[in-house]
Structure formats: structure tokens, C-alpha cells
Amino acid sequence: MSQLSNQAFVAVTEFFEKVSGIRLADNKRALVEGRLQKLAQECGEDDINVFIQRVVRRDFDERVLVTVIDRLTTNETYFFREPQHYEDLTRRMERMHPQQDLQVWSAASSTGEEAYSVAMLMADRRPTSPWRIHGTDLSTSVVRTAQHGMYPVDRGSRLPAGYLKRFCLRGEGPYEGQLLVKRELRQRVNFRAANLMRDLPSDLPQFDVIFLRNVLIYFDPPAKMDIVRRVLTKLKQDGVLYIGHAESLTSLNLPLKMVENAVYQHA
Ligand SMILES: C[S@@+](CC[C@H](N)C(=O)[O-])C[C@H]1O[C@@H](n2cnc3c(N)ncnc32)[C@H](O)[C@@H]1O
């Protein structure tokens with residue numbers, strides 16, 4: 001097995017940055033090697049450096065290039081991550097008219113836990129009201145997982161008491177050890193691929209609530225600003241934007257006001 005050369009590392013990080021906007025730091029070398037070594041072999045190329053040369057030249061069909069992007073993105077997520085946002089949303093919902101139609105966007109939805117957490121909250125707190133959730137992500141493989149709504153059962157330990165039983169099915173037979181989000185929730189959550197660095201799908205509606213969490217962290221300030229500006233075109237005038245608690249929008253000079261920690265609205 002060949003080792004990743006410096007030249008190939010630089011070439012693939014530049015390729016990845018061009019497509020995703022994400023700059024992989026030098027300390028990600030082992031991660032890149034580990035993730036692409038296996039993929040190179042699956043594509044019949046034993047030498048990772050030759051594989052990367054071919055990727056950069058786009059000497060593979062689109063599916064391989066999409067898989068390279070998938071393997072290099074970091075998709076960590078879990079149900080009810082950063083619970084303060086769900087508490088904030090609950091308080092806001094209590095002040096809304098019960099029949100107000102709520103449109104929510106999980107703008108870097110990864111494998112879907114964030115979008116389904118909101119769906120469970122809505123089903124619990126607004127059982128008879130109209131609402132719809134959209135999830136988008138750069139990585140097509142996580143979008144597929146999100147669409148299936150099936151997760152290892154231990155992920156359910158992060159759900160609020162009673163939600164696992166109420167909103168999930170326990171897998172049996174070949175699905176032993178898995179949980180499946182119930183169909184009535186899955187039907188109200190729509191996932192698809194979209195790149196926040198490019199024009200957004202034109203049929204995305206205007207949103208009351210946007211989750212843009214733990215994705216800005218990958219970008220430098222100009223790219224971050226670009227993404228937030230684009231996302232804001234989809235936020236209703238009185239809508240609310242949640243960003244990750246480890247992220248910051250201060251110093252970006254955006255037309256936003258912070259209303260709580262990691263919670264923003266149009267200025
Ligand atoms: C760490 S996960 C965050 C998931 C979830 N929002 C959360 O906070 O748990 C970051 C996600 O951002 C996605 N991502 C990275 N760059 C993106 C881009 N340019 N457009 C859309 N999604 C992107 C990755 O594929 C990954 O699934």
C-alpha cells in the first residue's frame with residue numbers, strides 16, 4: 001500500500017476546498033489517507049497518489065467524485081445536540097398561534113438527527129398544527145441515511161423521556177439493534193443534497209426557523225459570511241437562526257442581532 005505524498009495531499013485538499021469550500025488543515029493528513037486509501041482500492045487503484053491525481057483530473061465518473069467528498073466531510077451529530085436551542089424553540093412555539101404553519105430548515109442536516117429532533121418536538125408540542133421540516137447536506141451518503149431514518153438503538157439514549165417509545169420503532173430480525181423513526185414523522189421531513197457554498201435550490205421556501213449548526217466552523221470568515229448571507233435570504237423577517245455554540249458570527253458585520261447565545265434574528 002502506498003503512502004500519501006505531500007503533493008497528493010495538497011492536490012486533494014485543494015480539490016475538496018474548491019468543491020465544498022472547506023479547507024482541510026495539515027493535521028488532517030492521516031484522516032485523508034485513511035479515508036481515501038480504502039476508496040482507492042474499491043475503485044481498483046492500489047496507489048492512493050495515482051488515485052488522487054485521477055480524482056483531481058476528474059478522470060472518474062461523477063459518482064466517485066461525490067464519494068470522495070462524502071468520505072472527507074465530518075458528519076458527527078446526535079439527537080437533541082445542544083439542547084438549549086430546543087428549549088428556546090419550545091418557548092417560542094408556546095408564544096405562537098397554535099395554527100401557525102411552521103417551516104423549519106436543518107441546513108447542514110448530516111444523518112438527520114437534528115431534523116428528526118425538531119420533528120419530535122413539533123409532534124409533541126404542536127400535535128394538530130401544520131409544520132414541515134427540510135434537511136439539506138453536501139454529502140449525498142448522509143442524505144440517504146437521513147431519508148431512511150434508521151439509527152443504532154443506542155443513539156436513542158439522547159432522546160427526552162418517552163420520545164423513543166412514542167416516535168421510534170424498535171428493529172426486529174435483521175434490524176435488531178436499530179431504531180426507526182416512525183413513518184408519520186418521516187413523512188413530514190424532507191431531505192436532499194444542497195451545497196451551502198452554491199446557489200440554494202430555488203424551491204426552498206422561506207423559513208421560520210433555520211438550524212445552521214456546526215458547519216460554519218469549517219469555513220474561513222469570507223466563506224462563512226457568504227454562506228450566512230445566502231442562508232439569510234431564506235429566513236422570514238421574524239424568523240430565528242440557530243448556530244452552533246462553538247461558532248461565532250460576531251466580527252462578520254452581518255445584518256443580524258444576537259437575541260440569545262447562538263440565536264440570531266434579522267437586525
Ligand atoms: C458536524 S455536521 C453537523 C450536523 C448538525 N447540524 C449538528 O449540529 O449536529 C456538519 C455537516 O455539514 C455538512 N457540510 C459541510 N460543508 C457543507 C456545504 N458546503 N454545504 C452543505 N453542507 C455541508 C457536512 O457534510 C456535515 O454533514
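**Exercise 1. Find which residues S106 contacts, leaving aside neighbours within four places in sequence.**

*Solution.* Step 1: list the contacts. S106 is in contact with E114, A115, H134, G135, T136 and F211, once neighbours within four places in sequence are left aside. The model is a predicted one.

Step 2: place the residue. S106 sits in strand β1.

Step 3: classify its accessibility. The relative accessible area of S106 is 2%. Buried means under 20%, so S106 is buried.

**Exercise 2. Place S109, then decide whether S109 is buried or exposed.**

*Solution.* Step 1: locate S109. The residue lies in the loop between β1 (102-106) and α6 (113-125).

Step 2: apply the cut-off. S109 has 2% relative accessibility, so it counts as buried.

Step 3: add the contacts. Beyond its neighbours within four places in sequence, S109 is in contact with G135, T136, D137 and F191. G135 and T136 are also among the contacts of S106.

**Exercise 3. Describe the largest pocket: its space, its lining and the residues nearest its centre.**

*Solution.* Step 1: take the volume. The largest pocket holds about 420 Å³ of space.

Step 2: count the lining. There are 26 lining residues. Nearest the centre are T74, A108, N214, V215 and Y218.

Step 3: sort the lining by class. The largest pocket is lined by 11 nonpolar, 10 polar and five charged residues.

**Exercise 4. Examine V215 and N214, both in the loop between β7 and α10.**

*Solution.* Step 1: fix the loop. V215 lies between β7 (207-212) and α10 (221-232). N214 is in the loop between β7 and α10 too.

Step 2: check accessibility. V215 has a relative accessible area of 10%, so it is buried. N214 is at 19% and is also buried. The cut-off for buried is under 20%.

Step 3: list what V215 touches. Not counting residues up to four places away in sequence, these are A108, L196 and E247. A108 is one of the residues nearest the centre of the largest pocket.

Step 4: compare sequence with space. V215 and S110 are 105 residues apart in sequence. Their C-alpha atoms are 9.8 Å apart.

Step 5: check the backbone of N214. Its phi is positive, near 60°, and N214 is not a glycine. Most residues other than glycine have a negative phi.

**Exercise 5. Give the position, accessibility and phi of N253.**

*Solution.* Step 1: N253 is in the loop between β8 (235-243) and β9 (256-260).

Step 2: at 69% relative accessibility, N253 is exposed. The cut-off for exposed is over 50%.

Step 3: N253 has a positive phi of about 60° and is not a glycine.

**Exercise 6. Work out how α5 packs on α6.**

*Solution.* Step 1: take the geometry. Helix α5 (residues 83-95) and α6 pack at an angle of about 35°, and their axes are 11 Å apart. The crossing is right-handed.

Step 2: name the residues that meet. From α5 come Y86, L89, T90, M93 and E94. From α6 come E114, S117, V118, L121, M122 and R125.

Step 3: sort them. The contact has six nonpolar, two polar and three charged residues.

**Exercise 7. Classify Q147 and find what Q147 touches.**

*Solution.* Step 1: Q147 is in helix α7 (residues 140-148).

Step 2: its relative accessible area is 41%, so Q147 is partly exposed.

Step 3: Q147 touches Y116, R186 and F191, not counting residues up to four places away in sequence. F191 is also in contact with S109.

Step 4: the C-alpha atoms of Q147 and H85 are 23 Å apart, with their positions 62 residues apart along the chain.

Key:
Residues numbered from 1 in each chain as written. Predicted model: local features only at pLDDT ≥ 70, side-chain atom pairs only at ≥ 80, totals over all residues. Heavy atoms only, no water. Helix = DSSP H or I, 4+ residues; strand = E, 2+ residues; numbered from the N terminus. Buried < 20%, exposed > 50% of the residue type's maximum accessible area, 1.4 Å probe, protein only. Contact = heavy atoms within 4.5 Å. 1 Å grid on protein atoms, 1.4 Å probe; cavity = no way out; pocket = protein on both sides within 12 Å on 5 of 7 lines; lining within 4 Å. Points joined across faces, edges and corners; volume = space filled by probe spheres on them. Nonpolar A, V, L, I, M, F, W, Y, C, P; charged D, E, K, R; others polar. Axes fitted to C-alpha atoms, helices over the stretch in contact; angles between N-to-C directions. Left-handed = near helix turned anticlockwise from the far one by under 90°.
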